[in-house]
Amino acid sequence: MEARALEVVGERWSLLIVRDLLPGPRRFTDLIRSLNPITPTRLTDRPRRLEAAGVVEREPAERGNEVWYRLTDAGRDLGPAIDELTFWGIQHATERPRADEPVHGEAAMIGTKVWLNRYSSAPPGGLVWVWRFPGEDSYSLRATDGAWDLTRGEQEGAAVTVDATTADWAVFLTSPREKRRLPTKDVRLEGSKAEVMRFVKAFAAKPAAR
């Protein structure tokens with residue numbers, strides 16, 4: 001059974017496609033951008049294989065010819081496996097992004113969700129935090145049933161909103177805890193003083209000196 005599973009999703013790009021579809025459906029052009037440097041030919045092939053395996057399904061757009069890809073129930077069941085791989089990377093293979101290395105929203109935010117679920121208890125009551133990345137998608141984390149859930153887009157009622165580039169947020173997230181400070185000129189936080197402090201503590205950071 002393990003060999004069969006690896007045949008379906010064990011290849012690098014297949015796992016990254018599943019990762020990028022976990023927060024919600026994506027267009028072919030979205031996947032090309034977030035999975036750079038994958039080639040269009042390879043990207044065309046991988047979703048087809050995942051579709052044949054029952055992991056991904058295509059959804060024609062209401063207008064135009066563009067196709068959207070979404071995970072099936074079987075594909076969403078891979079979420080915990082992606083989280084475990086991400087957590088392993090946080091523990092054993094974390095390094096700050098290079099200056100020339102692109103950082104994409106799905107990777108940064110799945111890492112954020114996994115970090116919070118491992119190191120910070122999710123409070124009850126549906127607390128929502130929103131990340132706005134200029135020129136890219138926004139993302140929301142909601143505390144639900146003791147865990148953090150990630151979705152693409154801005155949910156209503158955010159207690160804290162983060163404004164930063166994906167690279168600046170990734171640099172913060174991969175910084176040693178003793179060096180973490182929030183907010184900074186590169187990572188700005190909007191919210192009440194109490195909610196911002198709760199956010200800062202959740203990420204094991206110290207309030208920035210004023």
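Angles from 65 to 115 degrees between two axes count as roughly perpendicular. Keep that range at hand for the first stop of this tour, which runs through a predicted model.

**Stop 1: H2 and H4**

Select helix H2, residues 12-21, together with helix H4, residues 40-52. Their axes lie 10 Å apart and meet at an angle of about 75 degrees. H2 and H4 are therefore roughly perpendicular to each other. Now show the side chains where the two helices touch. On the H2 side, pick Trp13, Ser14, Ile17 and Val18; on the H4 side, pick Arg42, Leu43, Arg46, Pro47 and Leu50. Colour this contact by residue class and you should find 6 nonpolar, 1 polar and 2 charged residues.

**Stop 2: the whole chain**

Zoom out and switch to a cartoon. How many helices and strands does the protein have? There are 9 helices and 10 strands. Of the 210 residues in the protein, 40% are buried. Take the contacts between residues at least 6 apart in sequence: 63% of them join residues at least 24 apart.

**Stop 3: the largest nonpolar core**

In soluble globular proteins, nonpolar side chains tend to be buried together. To see this protein's largest nonpolar core, which has 35 residues, begin with the ones that make the most contacts inside it: Trp129, Trp131, Val162, Trp169, Leu189, Phe199 and Phe203. Then colour the elements that each supply at least two residues of this core. The helices to colour are H7 (105-119), H8 (166-173) and H9 (193-202). The strands are E4 (128-132), E5 (138-144), E6 (147-152) and E7 (160-163). Which element gives the largest share of this core? H7 does, with 6 residues.

Centre the view on valine 162 next. Leaving out neighbours within four places in sequence, valine 162 is in contact with Val130, Trp131, Arg132, Trp169, Val187, Arg188, Leu189 and Phe199. Apart from this core there is another, of 15 residues; Ile17, Leu35, Tyr69 and Ile82 are among them. Ile17 is a familiar name here, as one of the H2 residues in the contact with H4.

**Stop 4: H7 and H8**

Two packed helices are described by the angle between their axes and the distance between the axes. Select H7 and H8: they pack at an angle of about 30 degrees, and their axes are 10 Å apart. Since angles under 35 degrees count as roughly parallel, H7 is roughly parallel to H8. The handedness of the crossing is left-handed. For the contact itself, show Gly105, Ala108, Gly111 and Thr112 of H7 with Thr166, Trp169 and Leu173 of H8. This set divides into 3 nonpolar, 4 polar and no charged residues. Trp169 was also on the list of contacts of valine 162.

**Stop 5: glutamate 106 and proline 23**

Stay on H7 and pick glutamate 106, which lies in that helix. Is glutamate 106 buried or exposed? Its relative accessibility is 2%, so glutamate 106 counts as buried. Residues up to four places away in sequence aside, glutamate 106 touches Arg19, Asp20, Pro23, Arg26, Ser34, Tyr139 and Arg152.

Follow that list to proline 23, in the loop between H2 and strand E1 (26-27). At 8% relative accessibility, proline 23 counts as buried too. Beyond residues up to four places away in sequence, proline 23 touches Glu106, Leu150, Thr151 and Arg152. Draw a distance between the C-alpha atoms of proline 23 and serine 140: they are separated by 9.4 Å, although the two residues are 117 apart along the chain.

**Stop 6: backbone details in three loops**

Go to the loop between strand E8 (181-182) and strand E9 (188-190), where proline 183 lies. A cis peptide bond joins leucine 182 to proline 183, with omega about -10 degrees.

Next, select aspartate 145 in the loop between E5 and E6. Its phi is near 55 degrees, a positive value in a residue other than glycine. Aspartate 145 is exposed, with a relative accessible area of 81%.

Finish at alanine 204, in the loop between H9 and strand E10 (206-207). Phi of alanine 204 is near 55 degrees, again a positive value in a residue other than glycine. With 26% relative accessibility, alanine 204 counts as partly exposed.

Key
Residues are numbered from 1 along each chain as its sequence is written. This is a predicted model: local features need pLDDT of at least 70, side-chain atom pairs count only at pLDDT 80 or more; totals for chains, interfaces and linings use all residues. Side-chain values use heavy atoms; hydrogens and water are left out. A nonpolar core is a set of buried Ala, Val, Leu, Ile, Met, Phe, Trp, Tyr and Cys residues joined through side-chain atoms within 4.5 Å. Buried means under 20% relative accessible area, exposed over 50%, partly exposed in between (1.4 Å probe, protein chains only). Helices (H or I, at least four residues) and strands (E, at least two) are DSSP runs, numbered from the N terminus. Contact means heavy atoms within 4.5 Å. Axes are lines fitted to C-alpha atoms, for helices over the stretch in contact, and angles run from 0 to 180 degrees between N-to-C directions. Angles under 35 degrees count as roughly parallel, over 145 as roughly antiparallel, 65 to 115 as roughly perpendicular and the rest as oblique. A crossing is left-handed if the near helix is turned anticlockwise from the far one by less than a right angle, and right-handed if clockwise. Ala, Val, Leu, Ile, Met, Phe, Trp, Tyr, Cys and Pro count as nonpolar, Asp, Glu, Lys and Arg as charged, and the others, Gly among them, as polar.
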